[in-house]
Amino acid sequence: MKYLKFFLIVIILFPLSNINAEENDIRNKITKNLRCLICQGQSVYDSDSEFANSLKIVVDKKLHEGLSEDQIYEYFKTKYGEWILYDPGLNKNTYILWLLPILIFLIGGAIIYKSFIVKK
Amino acid sequence: MKNKILPFSVIIIFGIIFFIFYKGLEDSKIYTPDVNAKKEIPVFNTKEFFSGENVKSSSIFELDKVYLLNIWSSWCVPCRQEHPLLINLNLENKLNIIGMNYKDNLKNAENFLKELGNPYKEIFIDLDGTIAIEWGAYGVPESFLIYNNEIIKKYIGPLNQELVDEINLLIK
């Protein structure tokens, strides 16, 4: 009977800890992508400032309300602007950043193609 | 012709890269938030400072009135410096100053007001700092000038005489 109880407890608790772990993962992922605005150079995840601690609570609250990762980013973007995200989306300020590597890759590829492959 | 394309494209690519890095050098590395962006004030529930009763944000801020929301805390040293300015502002104007007590010990906060005076028409509390985030605030002290449920201007850091003059001009 004792063992049965023990196993029951383990079986009941095991999936719960898994749910918590998943929630922690997504929370960590989000806070790592948020910039601590008053301690620049640090993410909210790394920082222990008052601002970062409050932000972590808000992220938790929003996750509990059932908001998705993107919705949470959108929420912070409306409050603090694009700068709060470490991974900015494509817009008029960042298009060079996104398109330049592709452009260089294409031009470089064309040069290689012209000078080596066509020569043969 | 082939020989010319290669050096030409290399020069263009380096030109583009140089241009981008040069522009990057000119940009300020210190983030300056947009303080003039007009935004609707957030909706939130909180507790009144003295009574501890639940209050809704809609009952604090009415339309057609000018408010100055001031985020303060007893542990915040710059708040102490700006406090006399708030008291003057309250005496001189019809401006309604609302206080948001940020992550504070209530006893300490009460002592702070006893010592320096209370310029606030109403005070509500933000124990975990989440209401400040709703406002898009960075920390203490910070002030928001509000009219018709819209944030007209945001003052990050302590107020000084110059900023108080600006507020006086704006609310006239």
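What radius of gyration does chain A have, and what would a compact globule of 120 residues have? I started there. Chain A comes out at 23 Å, whereas a compact globule of 120 residues would be near 14 Å. I note at the outset that this is a predicted model.

**Entry 1: chain A overall**

I looked up the extents next. The C-alpha trace of chain A spans about 85 × 40 × 25 Å along its principal axes. I then checked burial: 15% of the 120 residues in chain A are buried. For contacts in chain A with a separation of 6 or more, I found that 40% join residues 24 or more positions apart. The secondary structure has 4 helices and 0 strands. Along the sequence, I read the pattern α-α-α-α.

**Entry 2: helix 3 of chain A**

I picked helix 3 of chain A for a closer look. This helix has 12 residues. From first C-alpha to last I get 17 Å, close to the 16 Å expected at 1.5 Å a residue. Which of its residues are buried? I list Ile72(A), Phe76(A) and Tyr80(A). Seen down the helix axis, these buried residues fall within an arc of 50°, so they line one face of the helix. On the face turned away from the buried side I find the exposed residues Asp70(A), Gln71(A) and Thr78(A). After the helix comes Gly81(A), with a positive phi near 90°.

**Entry 3: where chain A meets chain B**

I counted residues across the contact between the chains. On chain A, 21 residues are in contact with 18 residues of chain B. Helix 2, helix 3 and helix 4 (95-117) of chain A each give two or more residues to this side. Helix 2 of chain A gives the most, with 8 residues.

**Entry 4: the largest nonpolar core**

I asked which residues have the most contacts inside the largest nonpolar core. They are Leu55(A), Ile71(B), Met100(B) and Ala132(B), in a core of 43 residues. Both chains supply elements to this core. From chain A, helix 2 (50-64) and helix 3 (69-80) each supply at least two residues. From chain B, I noted several elements that do so, among them strand 4 (66-72), strand 5 (96-102) and helix 5 (130-134). Strand 4 of chain B gives the most, with 5 residues. I followed Ala132(B) further. Leaving out residues up to four places away in sequence, Ala132(B) touches Ser54(A), Ile71(B), Met100(B), Tyr102(B), Asp126(B) and Ala137(B).

**Entry 5: the sheet of chain B**

I traced the strand order of the open sheet in chain B. Its 8 strands run 1-8-7-4-5-6-2-3, with mixed pairing. Strand 1 (39-40) and strand 3 (54-56) stand at the edges with a single partner strand each, so one side of each is left without a neighbour in the sheet.

I took the strand 3 edge and then the strand 1 edge. Strand 2 (residues 45-48) and strand 3 of chain B pair antiparallel over 3 bridges. Here Lys47(B) stands opposite Asn54(B). Strand 1 of chain B is joined to strand 8 (residues 150-156) by 2 bridges, again running antiparallel. Glu40(B) has Glu150(B) as its bridge partner.

On to strand 7. Strand 7 and strand 8 of chain B pair antiparallel over 6 bridges. Glu150(B) turns up here too, as the bridge partner of Tyr147(B). I checked the hairpin of these two strands last: 2 residues lie between the strands, and Asn148(B) takes a positive phi near 55°.

Technical notes. Residues numbered from 1 in each chain as written. Chains lettered and ligands numbered in written order. Predicted model: local features only at pLDDT ≥ 70, side-chain atom pairs only at ≥ 80, totals over all residues. Pairing = 2+ DSSP bridges. Core = buried A, V, L, I, M, F, W, Y, C linked by C-beta atoms within 7 Å. Buried ≥ 20, exposed ≤ 12 C-beta atoms within 10 Å, placed from the backbone. Contact = placed C-beta atoms within 7 Å. Rg over C-alpha atoms; globule rule 2.2 N^0.38 Å. Expected span 1.5 Å × (residues − 1). Arc of directions from axis to C-beta.
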